[in-house]
Amino acid sequence: MKIPLYQIDAFTDRPFKGNPAAVCPLEEWLPEEMLQAIAEENNLAETAFYVLEEAGYRIRWFTPVKEVDLCGHATLAAARVLLDHGCSDKSAVEFQSNSGPLRVLREQERLTLDFPSVPASPCEVPVALEDGLGVSPEACLSAADYLVVLSSAEAVAGLDPDFRRLKDLDLRGVIVTGPGESEDFVSRFFAPNFGIDEDPVTGSAHCTLAPYWADRLGKKDLSAKQISKRTGNLWCRVAGDRVFISGHTAAYLQGMIQI
């Protein structure tokens with residue numbers, strides 16, 4: 001069996017930056033253990049698989065250790081592959097997913113995710129969170145992930161987490177954010193329970209980040225930077241219960257898996 005494989009760097013306009021995602025178009029779904037084995041072999045934060053079904057393209061995402069319900073950068077990467085190689089409509093593509101319909105629009109040189117808003121609510125600071133980050137946050141909220149607010153971009157950049165301690169948390173991951181310098185806000189994302197100590201650029205985290213900062217800053221259009229080692233730039237727009245998340249993509253690799 002031969003399966004096409006693409007590797008796309010998302011939320012960047014150049015290779016070796018942003019967040020690398022593997023994309024595997026399939027003619028039909030393989031057993032789940034095979035999908036997981038491919039993702040583990042790829043050893044990237046996410047591998048996206050999609051299949052053309054009667055209702056349209058269905059997408060699934062796997063980290064090296066488990067399937068997830070939503071992933072931004074790998075959806076952006078999958079859309080780049082489809083728009084370049086498989087989709088007759090070159091302006092937009094829609095995926096069916098475990099998180100509902102997800103549209104990706106081509107807007108000049110960027111691709112834009114149309115994702116559900118996932119606002120966070122204030123919560124107590126878990127002991128494992130404070131111990132794991134080694135700081136006392138200005139605020140702590142929770143949704144799909146914990147959202148930790150610090151005072152500055154410098155404080156976010158200076159974190160050196162204890163990932164073993166963060167594994168004791170009950171949610172998917174930890175978003176840490178603070179006000180930006182040239183951007184509206186910056187962030188980092190940690191998800192050791194999903195086999196990803198630090199994710200380079202996390203599109204889905206901005207479903208929570210964008211409504212938080214939109215409310216705090218009183219504006220709907222926001223610029224963002226994820227300040228991991230690879231870094232990535234995002235542009236967000238909050239519109240009701242949707243968040244539009246835009247970024248560039250850079251194609252890095254095209255090949256074939258042989259099983």
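In this predicted model, a good place to start is Arg-172 and Asp-145, whose side chains meet in a salt bridge with an N to O distance of 2.6 Å. The two residues are 27 apart in the sequence, so their pairing links distant parts of the chain. Asp-145 itself is buried, at a relative accessible area of 2%. Below is a friendly tour of the charged pairs, the cysteines and the strands around strand 15.

**Where the Arg-172 pair sits**

- Arg-172 belongs to the loop that runs between helix 5 (163–166) and strand 12 (174–179).
- Asp-145 is found in the loop between strand 10 (139–142) and strand 11 (146–149).

**Other salt bridges**

- Searching the whole structure turns up 15 salt bridges.
- One of them joins Arg-242 to Asp-114, with 2.8 Å between the closest N and O atoms.
- Because Arg-242 lies in strand 17 (residues 242–247) and Asp-114 in strand 8 (residues 110–116), this pair ties together parts that are 128 residues apart in sequence.
- The two partners have different surroundings by class: Arg-242 is partly exposed, with a relative accessible area of 24%, whereas Asp-114 counts as buried at 7%.
- Glu-198 and Arg-188 also meet through their side chains in a salt bridge, at 2.8 Å from N to O.
- Here Glu-198 comes from strand 14 (residues 196–199) and Arg-188 from strand 13 (residues 185–191), and the two are 10 residues apart.
- Within this pair, Glu-198 is partly exposed at 26% relative accessible area, while Arg-188 is buried at 8%.
- Glu-32, Arg-60 and Glu-67 belong to one network, joined by salt bridges that share partners.

**Cysteines**

- How many disulfides does the structure hold? The number is zero.
- Cys-71 is in no disulfide, and the nearest cysteine sulfur, belonging to Cys-207, is 11 Å away.
- Cys-71 counts as buried, with 4% relative accessibility.
- Cys-140 is likewise in no disulfide; its nearest cysteine sulfur is that of Cys-123, 3.6 Å away.
- The cut-off for a disulfide is a pair of sulfur atoms within 2.5 Å, so the 3.6 Å between the sulfurs of Cys-140 and Cys-123 does not qualify.
- Cys-140 also counts as buried, at 6% relative accessibility.

**Strand 15 and its neighbours**

- Which side chains of strand 15 (residues 221–226) point to the buried face? They are Leu-222, Ala-224 and Gln-226.
- Asp-221, Ser-223 and Lys-225 point to the other face and are not buried, giving an alternating pattern along the strand.
- Strand 13 and strand 15 run parallel and are joined by three bridges.
- Val-186 has Lys-225 of strand 15 as its bridge partner.
- Strand 13 thus appears twice in this briefing, because Arg-188, the buried partner of Glu-198, also lies in that strand.
- Strand 15 is joined to strand 16 (residues 232–239) by six bridges, and these two strands run antiparallel.
- Asp-221 finds its bridge partner in strand 16, namely Arg-237.
- Strands 15 and 16 form a hairpin with five residues between them.
- In the turn of that hairpin, Thr-231 has a positive phi of about 60°.

Methods. Residues numbered from 1 in each chain as written. Predicted model: local features only at pLDDT ≥ 70, side-chain atom pairs only at ≥ 80, totals over all residues. Heavy atoms only, no water. Salt bridge = Lys/Arg side-chain N within 4 Å of Asp/Glu carboxyl O. Helix = DSSP H or I, 4+ residues; strand = E, 2+ residues; numbered from the N terminus. Buried < 20%, exposed > 50% of the residue type's maximum accessible area, 1.4 Å probe, protein only. Pairing = 2+ DSSP bridges.
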